[in-house]
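Reader: Could you walk me through one part of this model up close, namely how a pair of neighbouring helices meets and what sits around that spot? I'd like the cut-offs spelled out as you go.

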Amino acid sequence: MPTHETTYTAFTTETVLLLGQMIKLARIQRGRSEADVAVRANIARGVLQKIEKGNMDVPVGLFFQASTLVGLQLFDTDDLERLQEHRARIVGKIQAAQTDK
């Protein structure tokens, strides 16, 4: 069975590299070790190192988990309820857009 390697745009690659470096900086600024964050994220230390290097093979959810654990705020709020409300508004807009077609 042939394998297909995904090609990412330069912008996408730069964005993931930036996110990884932002996670690393937040971890260092908070005095957290790689081992500590990895244990709290329930991942291997090597996976955290891949995240911090912007490795595109790491699942996006692990980037978000690491961001949360080092206190890196990626959205305009870190309040779960506000995120859920925002997502509900987006779902409503998606539904409206689909019925308009």
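Author: Here is a walk through one helix pair, the loop that joins the two, and then the largest pocket.

First, the ground rules. The model is predicted, so local features need pLDDT of at least 70 and side-chain atom pairs count only at pLDDT 80 or more, while totals for chains, interfaces and linings use all residues. Residues are numbered from 1 along each chain as its sequence is written, and side-chain values use heavy atoms, with hydrogens and water left out.

The pair is α2 and α3, which pack at an angle of about 105 degrees with their axes 8 Å apart. Element names come from DSSP runs (helices are H or I with at least four residues, strands are E with at least two), numbered from the N terminus. The axes are lines fitted to C-alpha atoms, for helices over the stretch in contact, and angles run from 0 to 180 degrees between N-to-C directions. That makes α2 and α3 roughly perpendicular to each other; the label covers 65 to 115 degrees, with under 35 being roughly parallel, over 145 roughly antiparallel and the rest oblique.

Who touches whom? On the α2 side there are Glu 34, Ala 35, Val 37 and Ala 38, and they meet Arg 45, Leu 48, Gln 49 and Glu 52 in α3. Contact here means heavy atoms within 4.5 Å. Sorted by class, this contact has four nonpolar, one polar and three charged residues. The nonpolar set is Ala, Val, Leu, Ile, Met, Phe, Trp, Tyr, Cys and Pro; Asp, Glu, Lys and Arg are charged; the others, Gly among them, are polar.

Two of the glutamates deserve a closer look. Glu 34, in helix α2, is buried at 16% relative accessible area. The scale goes like this: buried is under 20%, exposed is over 50%, and partly exposed is in between (1.4 Å probe, protein chains only). Skipping neighbours within four places in sequence, Glu 34 is in contact with Arg 27, Arg 45, Leu 48, Gln 49 and Glu 52. Glu 52, over in α3, is buried as well, with a relative accessible area of 6%. With the same neighbours left aside, Glu 52 is in contact with Glu 34, and also with Gly 20, Gln 21, Ile 23, Lys 24 and Arg 27.

Now the link. Asn 42 lies in the loop between α2 (34-41) and α3 (45-52), and has a positive phi of about 60 degrees although it is not a glycine. Asn 42 counts as exposed, at 71% relative accessibility. Ala 44 sits in that loop too and is partly exposed at 47%.

Last, the pocket. The largest pocket holds about 420 Å³ of space. Of its 18 lining residues, the closest to the centre are Phe 75, Asp 76, Thr 77, Asp 78 and Leu 83. On a 1 Å grid over the protein atoms alone, a pocket is an open set of points with protein on both sides within 12 Å along at least five of seven lines, and lining residues have an atom within 4 Å of a point. Grid points are joined across faces, edges and corners, and the volume is the space filled by probe spheres set on the points. Helix α5 gives the most to this lining, with seven residues. By class, the lining has five nonpolar, seven polar and six charged residues.

Methods:
On a 1 Å grid over the protein atoms alone, a cavity is a set of points where a 1.4 Å probe fits but cannot get out, and a pocket is an open set with protein on both sides within 12 Å along at least five of seven lines; lining residues have an atom within 4 Å of a point.
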